[in-house]
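Biologist: I would like a close look at a single part of this model. Please keep to computed values and give the cut-offs behind each term.

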Amino acid sequence: VRKFLDDLVDLDDEFILQKDNRRNGYYPTFVKNRPEILALKTTRHHELIEKYLECVVDLHVVAIVRHPAAAINSWTKSFKEFAKKGCVVEDDWRTGACRKGDVGEYWGFEDWLNVTKHFVALSKKYSNFELIRYSDLVRQPAATISALFERLGMEMDPQTLQFLADCHTRHDPDPYSVFKSKVVLDEWRQELAPSIRDQILRET
């Protein structure tokens, strides 16, 4: 685990560093003032998170949980992640089986439910596991991140504050852009099929 993290420090990979999204303006580009801190985003292999926590003493995990209906709605709207894979909303929203190609992939409502329960358990067991709501990030980005950084022992950089001030000032249609208006919180209420929406709400 330590070697995996160490290898990331000097890795110059187009996809992992999201260079294309940075060039297109969908992601910001920061000057690295704290090169001793490595940040890694992952949406896979949640089953390994506890192993990371056990193996690396100076590791902090920050898990972001989005409303399940909003998460499913966002996924099914992304052509690249859903329709392009041959997925059908009515058939695949629950299991996400159409999207799973390997171990460690999590798609669909059932995975959302299991992973979220796992995150809650980890947040109770490990002091270096932080669980935050996506809705808090959208509604109060500066306050939420400031409190998070304080718990992590990190200082708020002016670049971070500027990004948090800018992230909701425009709405990029690209599904991978981090620049979105606050409508992302409630779009699911109108866009998700009522039958799916109601089942999700009943089970959460």
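Which residue in S2 does valine 62 stand opposite?

Modeller: Valine 62 stands opposite glutamate 130 in S2. The model is predicted, so local features need pLDDT of at least 70 and side-chain atom pairs count only at pLDDT 80 or more, while totals for chains, interfaces and linings use all residues. Residues are numbered from 1 along each chain as its sequence is written, and side-chain values use heavy atoms, with hydrogens and water left out.

On confidence, pLDDT is the predictor's own figure for each residue, from 0 to 100. The chain has a mean of 93, and 100% of its residues reach 70 or more. Among the elements, strand S1 (residues 61-65) has the highest mean pLDDT, 98, and helix H1 (residues 2-9) the lowest, 88. Helices (H or I, at least four residues) and strands (E, at least two) are DSSP runs, numbered from the N terminus.

S1 runs parallel to strand S2 (residues 129-133), and 5 bridges join them; two strands pair if DSSP finds at least two bridges between them. The side chains of S1 alternate: Val61, Ala63 and Val65 are buried and point to one face, whereas Val62 and Ile64 point to the other and are not buried. Buried means under 20% relative accessible area, exposed over 50%, and partly exposed in between (1.4 Å probe, protein chains only).

S1 is also one of the elements that give two or more residues to the largest nonpolar core, which has 29 residues. Such a core is a set of buried Ala, Val, Leu, Ile, Met, Phe, Trp, Tyr and Cys residues joined through side-chain atoms within 4.5 Å. Phe129 is among the residues with the most contacts inside this core. The largest share, 6 residues, comes from H6.

Back at the residue opposite valine 62, glutamate 130 counts as buried because its relative accessibility is 11%. Glutamate 130 forms a salt bridge with arginine 151, the closest N and O atoms being 2.8 Å apart. Arginine 151 lies in helix H8 (residues 141-152) and glutamate 130 in strand S2, so this pair ties together parts that are 21 residues apart in sequence. Arginine 151 itself is partly exposed, with a relative accessible area of 45%. A salt bridge here is a side-chain nitrogen of Lys or Arg within 4 Å of a carboxyl oxygen of Asp or Glu. The structure holds 17 salt bridges.
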